[in-house]
Amino acid sequence: MDSTPSAGIADLDQRIAGCRACPRLVEWREEVARTKRAAFTGWTYWGRPVPGFGPADARMLIVGLAPAAHGGNRTGRMFTGDRSGDVLYQALYDVGLANQPGSVSADDGLELHGVRVTAPVHCAPPANKPTPEERDTCRSWLVQELRLLRPTLRVVVVLGAFGWQAALPAFTEAGWSVPRPRPAFAHGTRVSLDGLDLFGCFHVSQRNTFTGRLTPEMLREVLGTAAGVAGLPGRN
Ligand code: SF4
């Protein structure tokens, strides 16, 4: 995998989209793109790594897990075209960080205000489960993204324990001091690194939102608090 530093976020996004470092994930994402789901037979699937989405000078970053096979892997944009994205972007809209509540395709006009959305693994994995090796291979993209965002970044919201475990070493590699032992993931937890506040939030997966483990109110609470800490003019 090419670890040359990227010139900027746009360059990084372009390089991520061309990555083929994980053979199992390359095969899976491309097979899903070929076979499709019945409801999306008319779509030309993206079928490539999905880069982060949002402004290059974001003050807040949301870190998920990985794109969904028929969501981001279909539309080419993070959390776009699936139920998890519906929940996330509705909440971002509710707290004033998005211009619209819906997210259906890469050209639907969605804009994020001061916040960027990314993942520690950029390719859709089978059963939503990347291997530890795939997670570690993809980390260098997250490290580069963090380094590029560092001048403006004040807050990170990590969705779920997988993202938390994947992101903490990336913060260290990108130059922040992470306490040892590493802080444990919990919903609502907040950890201060030097100049960066880290929030834990349950993932917006259907397993959490359908069961009420994560409610829209809980999500708005974390995002609204994080936006306030980041100095973003959201509404709460
Ligand atoms: S998961 Fe990350 S490192 Fe692996 S192929 Fe996709 S973009 Fe590349």
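Is Ala127 buried or exposed? I looked this up before anything else, and Ala127 is exposed, with a relative accessible area of 63%. My cut-offs: buried is under 20% relative accessible area, exposed is over 50%, and partly exposed is in between, with a 1.4 Å probe and protein chains only.

Ground rules for these notes. I am working on a predicted model, in which local features need pLDDT of at least 70, side-chain atom pairs count only at pLDDT 80 or more, and totals for chains, interfaces and linings use all residues. Residues are numbered from 1 along each chain as its sequence is written, and side-chain values use heavy atoms, with hydrogens and water left out.

**Entry: backbone oddities**

I went back to Ala127 for its backbone and found phi near 55°, a positive value in a residue other than glycine. Ala127 sits in the loop between strand 2 and helix 5. For me, helices (H or I, at least four residues) and strands (E, at least two) are DSSP runs, numbered from the N terminus. Asn128 is in that loop between strand 2 and helix 5 too, and its phi is near 60°, again positive in a non-glycine residue. I have Asn128 down as partly exposed, at 47% relative accessibility.

Then I checked the peptide bonds. The one from Arg180 to Pro181 is cis, with omega near -5°. I placed Pro181 in the loop between helix 6 (161-174) and strand 4 (190-193). Reminder to self: most residues other than glycine have a negative phi, and most peptide bonds are trans.

**Entry: the largest pocket**

Which residues lie nearest the centre of the largest pocket? I noted Leu65, Ser84, Asn128, His203 and Ser205, out of 34 lining residues. A pocket here is an open set of points on a 1 Å grid over the protein atoms alone, where a 1.4 Å probe fits, with protein on both sides within 12 Å along at least five of seven lines; a cavity is a set where the probe fits but cannot get out, and lining residues have an atom within 4 Å of a point. The volume of this pocket is about 880 Å³, counted as the space filled by probe spheres set on the points, with grid points joined across faces, edges and corners.

Helix 4, helix 6 and helix 7 each give at least two residues to the pocket lining. By class, I have 16 nonpolar, 12 polar and six charged residues there. In this count Ala, Val, Leu, Ile, Met, Phe, Trp, Tyr, Cys and Pro are nonpolar, Asp, Glu, Lys and Arg are charged, and the others, Gly among them, are polar.

**Entry: the cavity**

I found one cavity of 30 Å³ or more, holding about 100 Å³ of space. Its lining has 16 residues, with Cys19, Cys22, Cys123, Cys138 and Trp141 nearest the centre. Helix 2 (23-35) and helix 5 (132-149) each supply at least two of the lining residues. The class split is 12 nonpolar, two polar and two charged.

**Entry: helices 4 and 8**

Helix 4 (residues 83-94) has 12 residues and spans 16 Å from first C-alpha to last, close to the 16 Å expected; the expected span is 1.5 Å times one less than the number of residues. I listed Ser84, Gly85, Leu88, Tyr89, Ala91 and Leu92 as its buried residues. They cover an arc of only 155° around the axis, so they are on the same side of helix 4; the arc is that of the directions from the helix axis to the C-beta atoms. They pack against strand 1 (60-63), strand 2 (115-118), helix 7 (206-209) and helix 8 (216-230). Contact means heavy atoms within 4.5 Å.

Helix 8, with 15 residues, reaches 21 Å, close to the 21 Å expected. Its buried residues include Leu219, Val222 and Leu223. The partners of its buried residues are strand 1, helix 4, strand 3 (155-159) and strand 5 (196-201). Just after helix 8, Gly231 takes a positive phi of about 80°.

**Entry: two buried side chains**

I looked up Asp13, which lies in helix 1 and counts as buried at 16% relative accessibility. Leaving aside neighbours within four places in sequence, Asp13 touches Pro51, Gly52 and Arg116.

Tyr45, in the loop between helix 2 and strand 1, is buried at 7%. Beyond four places in sequence, its contacts include Val32, Phe40, His70 and Arg74.
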